[in-house]
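Visitor: I have a structure open and would like to talk through its cavities and charged side chains. Can we go step by step?

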Amino acid sequence: MKTLVIMTTALATATMLQAQGLKYPKTVKDNTVDNYFGTVVADPYRWLENDTSRQTAAWVEAENRVTNAYLQKIPFRQKLLKRLTELSNYDKESAPVKHNGKWYFARHTGLQNQSVIYVMDELGGTPRVFLDPNTLSTDGTVALKGIYHSHNGRWAAYSISRSGSDWQEFYVIDLKTGQLTQDHIEWAKFSGAAWQGDGFYYSAYDAPTKGKEFSNVNAGHKIYYHKIGTPQSEDVLFYQNPAYPKRFYTCSVNKEETMMFLYESGAGAGNNLFVRDLRQKDSQFIQMTDNMDYDYSPVTTDDNNIYLYTNSGAPKGRLMRADIRKPGLADWQVVIAEQANTIDDISCINGQFIVTYNKDASNHAFVYTMDGQLRHEVKLPSVGSIGFSGDKKEPECFMTFTSFTQPGTIYRYDIDRNETTLYAQPTVKFNPADYISEQVFFQSKDGTRIPMFITYKKDKSQQKRQTSNAKSQSPRPVYLYGYGGFNISLGPSFSAMRIPFLEQGGIYAQVTLRGGGEYGEEWHQAGTKMQKQNVFDDFIGAAEWLIREGYTDKDHIAIVGGSNGGLLVGACMAQRPDLFRVAIPQVGVMDMLRYHKFTIGWNWASDYGTSEDSREMFEYLKAYSPLHNLKPGTAYPATLVTTADHDDRVVPAHSFKFAATLQECQAAAQQQNQKPLPPTLIRIDTKAGHGGGKPLAKILEEQADIYSFILYNMGLKFK
């Protein structure tokens, strides 16, 4: 959206603005119905699924017009945008990574739309630009997805996405000349570049039907081999499995080019793994596993040995070793056994393993020998999240650390001495000592112990102390965030976008919900399929605990989440509209009966189940599906639904139909109540997708809209 201008005549409070009456676009309804096991379900806004029709385009334009007019009248939005811009204007960089004797890293100098990739001949040397994605488009909407160096040091392939789409294009740089070659790959998706010799393997789909690039089901994932210097039309089809068109197939090749791995996923929570011995002429793939409910991930190779992470037989994960000459799962040997805490990551650096564990949603790391003997625990600055980078045969190791109050900071880590030295630390225009993060625990509806991080600013009398009491200024505005799905863990992380909210006395609360990966596969499964309601109960329980403990009240809670977290927000606001003041469902999965019919939605069935599985599964999905549980006449919280026109992960039709239904229900409630009710709006971004690769300019505009909407509808001002 364009930069918004504050109107000097804007009304002072949200209540006064609401009294003017919002006129939502009239959304046409039709008689579309579906029959599920004898139950008829109406879908009157089905036509909004056609995202390329003129009728849908007109509806999008009308909705954005209403939303933009509302946001423009928030008197402090421009000041908030200015503060967000100031806070975002700081240098950020990634840990350097060594490829063929040179060091590469990403740097963002403050307000660039995309990070720039630099190269150095040696550590501490003079950086020079290797690839600047900002030059690939005038508005920053072309984003770099990944860079993949050939093992022989001759080439580097990189992939881009346009306007936030999951579709990828590959280009190749000649590392001798620094120039682009003529190589260009289109319609790749969920793919890296796996180099072997002077070419690479990639995964792609057939070119989609024109006009349906961002909505049609993706089926028939294929692996191709591209030889440098040849057109894509001559690429060799390397692997496909027509028997299972709705599965993903990708591959990787180890650095020595002695082993090749094939990954099959999409029919469970994990993957199957195959291996091929490239040292043997005309060798074929050998299947190592046969259960896609578990993860199998090679960490490194050494001669005939394959070191693998798996949660098969170990819900919290373990490291195992296989012999390529006898690679079946039954013959794997345990190297590092399952521990009390869940494995988040394993790196092989300088002939040793660094294993990162998740303990109560924050990281701890330990160093092990190649045969699994514990050496020592890595010393960390504080509670937070970490990542390691390095090479299995190189001594240099880098650790990136972040927390809720510390932006991503890079340390050099001496594995043998167990010592860290500061390498690069960003400087943000705020004082971390003025803020505090703490972890609390509460009981969910069924008695399960749920962790939650809360971060807030100390009041002036407390800023000299290391502890604080957030209740001293209650009720504080709360930004309650969660995800709860797909075995994904949420740990401590820094975001400059939160600081203005915290500066206003707000609390950022991040809940560790079931369905995530923080406590292993059992915790994940407890929030899937017929246990999905646990996730919503956990989130609702977090809000109730914050109220009960005196941190806030129901008029000062905003719930926020994206994707599966958008589903979370939609379900919770439908189940407990009385509990929240504001709801921000972002790019959410809102139609649980039809989600599997678009792009890669079928891949989420391992977590959700589908409406076609059984009557029982259909009824369970319908009972919490956000779209199907909005009720006419019910007063819902102030809601800003967000989506984007190029989102081909969770198609915008989910948000379109949800917003149209919500506005219909809220209008009915307003007629019954005879008084203005909070706004229910939808913000539809253009040239943007599910969120990945979004240019900073768009991020700033979106966050200014979200935070100003939250504060305004709590009746607060931006100081």
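Guide: We can take the cavities, then a charged residue, then the salt bridges. One thing to say early is that this is a predicted model.

Visitor: Fine. How many cavities of 30 Å³ or more does the structure hold?

Guide: The structure holds five of them.

Visitor: How much space lies in the second largest cavity?

Guide: About 70 Å³.

Visitor: And which residues line the second largest cavity?

Guide: The lining is made of F404, T405, F430, Y435, T455, F494, S495, R498, I499, L502 and Y508. By class, that is seven nonpolar, three polar and one charged residues.

Visitor: R498 is in that lining. Where does R498 lie in the chain?

Guide: In the loop between β34 (478–481) and α4 (499–503).

Visitor: Is R498 buried, and what is the nearest side chain of opposite charge?

Guide: R498 is buried and has no salt bridge. The nearest side chain of opposite charge is E518, 13 Å away. A salt bridge needs a nitrogen-to-oxygen distance within 4 Å.

Visitor: What does R498 touch, then, leaving out residues up to four places away in sequence?

Guide: R498 touches F404, S493, Y508, Q510 and Y707. Of these, F404 and Y508 also line the second largest cavity.

Visitor: Change of topic. How many salt bridges does a search of the whole structure find?

Guide: The search finds 44.

Visitor: Give me one that joins parts far apart in sequence.

Guide: K687 and D139 form a salt bridge, at 2.9 Å from N to O. K687 is in the loop between β39 (680–685) and α11 (696–713), and D139 is in the loop between β7 (128–131) and β8 (142–149), so the pair ties together parts 548 residues apart in sequence.

Visitor: Are K687 and D139 buried or exposed?

Guide: K687 is partly exposed, with a relative accessible area of 38%. D139 is also partly exposed, at 30%.

Visitor: And a pair within a helix?

Guide: E86 and R83 form a salt bridge at 3.4 Å, N to O. They are three residues apart in helix α3 (residues 77–88), so about one helical turn separates them. R83 counts as buried at 17% relative accessibility, while E86 counts as partly exposed at 30%.

Visitor: What about R576?

Guide: R576 forms a salt bridge with D578, with the closest N and O atoms 3.0 Å apart. R576 is partly exposed at 24%, and D578 is partly exposed at 45%.

Visitor: Last one. Which residues are linked in a network of salt bridges?

Guide: D34, D43, R46, E49, D591, R594 and K657 are linked in such a network.

Technical notes: Residues are numbered from 1 along each chain as its sequence is written. This is a predicted model: local features need pLDDT of at least 70, side-chain atom pairs count only at pLDDT 80 or more; totals for chains, interfaces and linings use all residues. Side-chain values use heavy atoms; hydrogens and water are left out. On a 1 Å grid over the protein atoms alone, a cavity is a set of points where a 1.4 Å probe fits but cannot get out, and a pocket is an open set with protein on both sides within 12 Å along at least five of seven lines; lining residues have an atom within 4 Å of a point. Grid points are joined across faces, edges and corners, and a volume is the space filled by probe spheres set on the points. Ala, Val, Leu, Ile, Met, Phe, Trp, Tyr, Cys and Pro count as nonpolar, Asp, Glu, Lys and Arg as charged, and the others, Gly among them, as polar. Helices (H or I, at least four residues) and strands (E, at least two) are DSSP runs, numbered from the N terminus. Buried means under 20% relative accessible area, exposed over 50%, partly exposed in between (1.4 Å probe, protein chains only). Lys and Arg count as positive and Asp and Glu as negative; His and the chain ends are not counted. Contact means heavy atoms within 4.5 Å.
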